[in-house]
Amino acid sequence: MRITSGDWSMTAAPDRGGAVLSLTHGGRDILRPTAPGADDPLAMACFPLVPYANRIGFGRFDWCGSPYHLNRNYPGQAHPLHGTGWLTRWNVIAHGDTAITMRLSHVGDDAWPWDFTAEQQLQLSPAGLMITLSVRNIGDRSMPVSLGLHPYFAPAETLRFSATGVWLVDDGLLPVSHAPADTLGDWSTDGALIRRDLVDHCYTGWQGRATIARADGDIVITAEGAPCLHVYIPPGEDFFCVEPVTAMPDAVNHDAARALAPGEATQITLTIGTAPHS
């Protein structure tokens with residue numbers, strides 16, 4: 001499915017986890033494009049993280065006095081990853097020239113024992129792409145929630161954002177201690193995107209804005225409802241991820257997941273645009 005507005009163009013695949021397949025501006029790739037025929041969820045250009053973002057440690061947690069255990073959901077991963085939405089077909093409920101709205105209905109099962117609905121609104125304008133991701137608890141008991149969006153950006157030079165802290169992780173990439181934001185480098189100036197070490201860390205106290213410097217024009221991302229920014233920079237790859245999220249990985253085991261009451265909803269919004277010319 002394709003939408004356009006001005007110099008912007010986006011394609012999406014509701015049947016592949018509600019994913020964005022490509023996002024271009026003036027013919028240049030803003031997100032890493034999905035290869036033709038690819039169906040691996042991690043090969044998409046962007047996908048939703050719902051009803052939880054990132055990992056849940058070994059799938060085990062307690063909620064409202066009851067223990068839960070989720071099975072692994074992606075090959076090679078020790079922990080359940082990124083929720084259920086990225087692995088599920090979404091239904092298109094509206095499609096126009098500049099916007100697509102998708103909806104997902106989930107009945108509690110072994111992958112996630114609570115009933116919920118989720119909705120993604122993808123809107124293009126001359127200013128760029130806005131994605132609004134929402135989730136509503138349609139069950140009769142409290143549900144833990146952490147939301148996020150997982151865009152893969154095309155090659156760039158530096159990343160700049162402000163935060164107050166970062167979660168350091170163990171060998172399983174689960175958060176273990178909170179440290180000053182500049183522990184892995186000072187992202188408030190210009191953080192290099194070509195690194196020898198893996199960055200797969202969640203930054204707290206994020207101010208909701210990040211700038212990606214590129215030789216052909218900078219990209220600006222902003223977010224609402226997402227006080228954390230997860231940064232993923234794998235060494236040797238020609239992409240990186242800058243993910244607005246509501247909480248760190250394994251949030252439900254750190255008392256950081258939101259308790260969503262029956263009938264209650266919450267949402268986050270991500271905007272990807274170009275920097276204004278000086």
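## Pockets

A pocket here is an open set of points on a 1 Å grid over the protein atoms alone, with protein on both sides within 12 Å along at least five of seven lines. Keep in mind that this is a predicted model.

Let's take the largest pocket, which holds about 210 Å³ of space. It has 14 lining residues, and Arg 55, His 82, His 150, Asp 200 and Tyr 232 sit closest to the centre. Two elements give two or more residues each to this lining: strand 13 (148-153) and strand 21 (228-233). Sorted by class, the lining of the largest pocket comes out as six nonpolar, five polar and three charged residues.

Then there's the second largest pocket, with about 180 Å³ of space. Here 13 residues do the lining, and Ala 156, Leu 193, Ile 194, Glu 237 and Asp 238 are the closest to the centre. The class split for the second largest pocket is nine nonpolar, one polar and three charged.

## A closed cavity

How many cavities of 30 Å³ or more are there? The count is one. About 60 Å³ of space lies in this largest cavity. Its lining is made of 13 residues, and the ones nearest the centre are Tyr 52, Ile 56, Ser 146, Val 252 and Ala 257. As for the make-up of that lining, 10 residues are nonpolar, one is polar and two are charged.

## Aromatic pairs and an arginine

Across the whole structure, the search turns up 14 aromatic pairs. One of them joins Trp 187 and Tyr 203, edge-to-face, with 6.5 Å between the ring centres and 80 degrees between the planes. Trp 187 is in the loop between strand 16 (175-180) and strand 17 (191-192), while Tyr 203 belongs to strand 18 (residues 199-204), so this pair ties together parts that are 16 residues apart in sequence. Trp 187 and Tyr 203 are both buried.

Elsewhere, ring pairs link up a cluster made of Phe 47, Tyr 74, Trp 86, Tyr 152 and Phe 239. Arg 32 joins in with two of these rings. Arg 32 lies over the face of Tyr 152, 4.0 Å from the ring centre. Arg 32 also lies over the face of Phe 239, this time at 4.7 Å from the ring centre.

## Cysteines without bonds

How many disulfides does a search of the whole structure find? Zero. To count, two cysteine sulfur atoms have to be within 2.5 Å. The sulfur of Cys 202 has its closest cysteine sulfur in Cys 228, but the gap is 4.3 Å, so that is too far for a bond. Cys 202 itself is buried, with a relative accessible area of 1%.

Cys 241 tells a similar story. The closest cysteine sulfur to that of Cys 241 belongs to Cys 46, and at 9.0 Å it is too far for a bond. Cys 241 counts as buried too, at 0% relative accessibility.

## Backbone oddities

The loop between strand 5 (46-49) and strand 6 (60-63) is where Pro 51 lies. The peptide bond leading into Pro 51 from Val 50 is cis, with omega near 5 degrees. The loop between strand 5 and strand 6 also holds Asn 54. Asn 54 has a phi near 65 degrees, a positive value in a residue other than glycine. Is Asn 54 buried or exposed? With a relative accessibility of 5%, Asn 54 counts as buried.

Next comes Cys 64, placed in the loop between strand 6 and strand 7 (66-69). Phi of Cys 64 is positive as well, near 55 degrees, again in a residue other than glycine. Cys 64 counts as exposed, at 62% relative accessibility.

## Ala 19

Last stop: Ala 19, which is part of strand 3 (residues 19-25). Ala 19 is buried, and its relative accessible area is 0%. How many residues apart in sequence are Ala 19 and Tyr 68? They are 49 residues apart, and in space the distance from C-alpha to C-alpha is 28 Å.

Terms used: Residues numbered from 1 in each chain as written. Predicted model: local features only at pLDDT ≥ 70, side-chain atom pairs only at ≥ 80, totals over all residues. Heavy atoms only, no water. Buried < 20%, exposed > 50% of the residue type's maximum accessible area, 1.4 Å probe, protein only. 1 Å grid on protein atoms, 1.4 Å probe; cavity = no way out; pocket = protein on both sides within 12 Å on 5 of 7 lines; lining within 4 Å. Points joined across faces, edges and corners; volume = space filled by probe spheres on them. Helix = DSSP H or I, 4+ residues; strand = E, 2+ residues; numbered from the N terminus. Nonpolar A, V, L, I, M, F, W, Y, C, P; charged D, E, K, R; others polar. Phe/Tyr/Trp six-rings, centres within 6.5 Å; stacked < 30°, edge-to-face > 60°. Lys NZ or Arg CZ within 6 Å of the ring centre and 35° of its normal.
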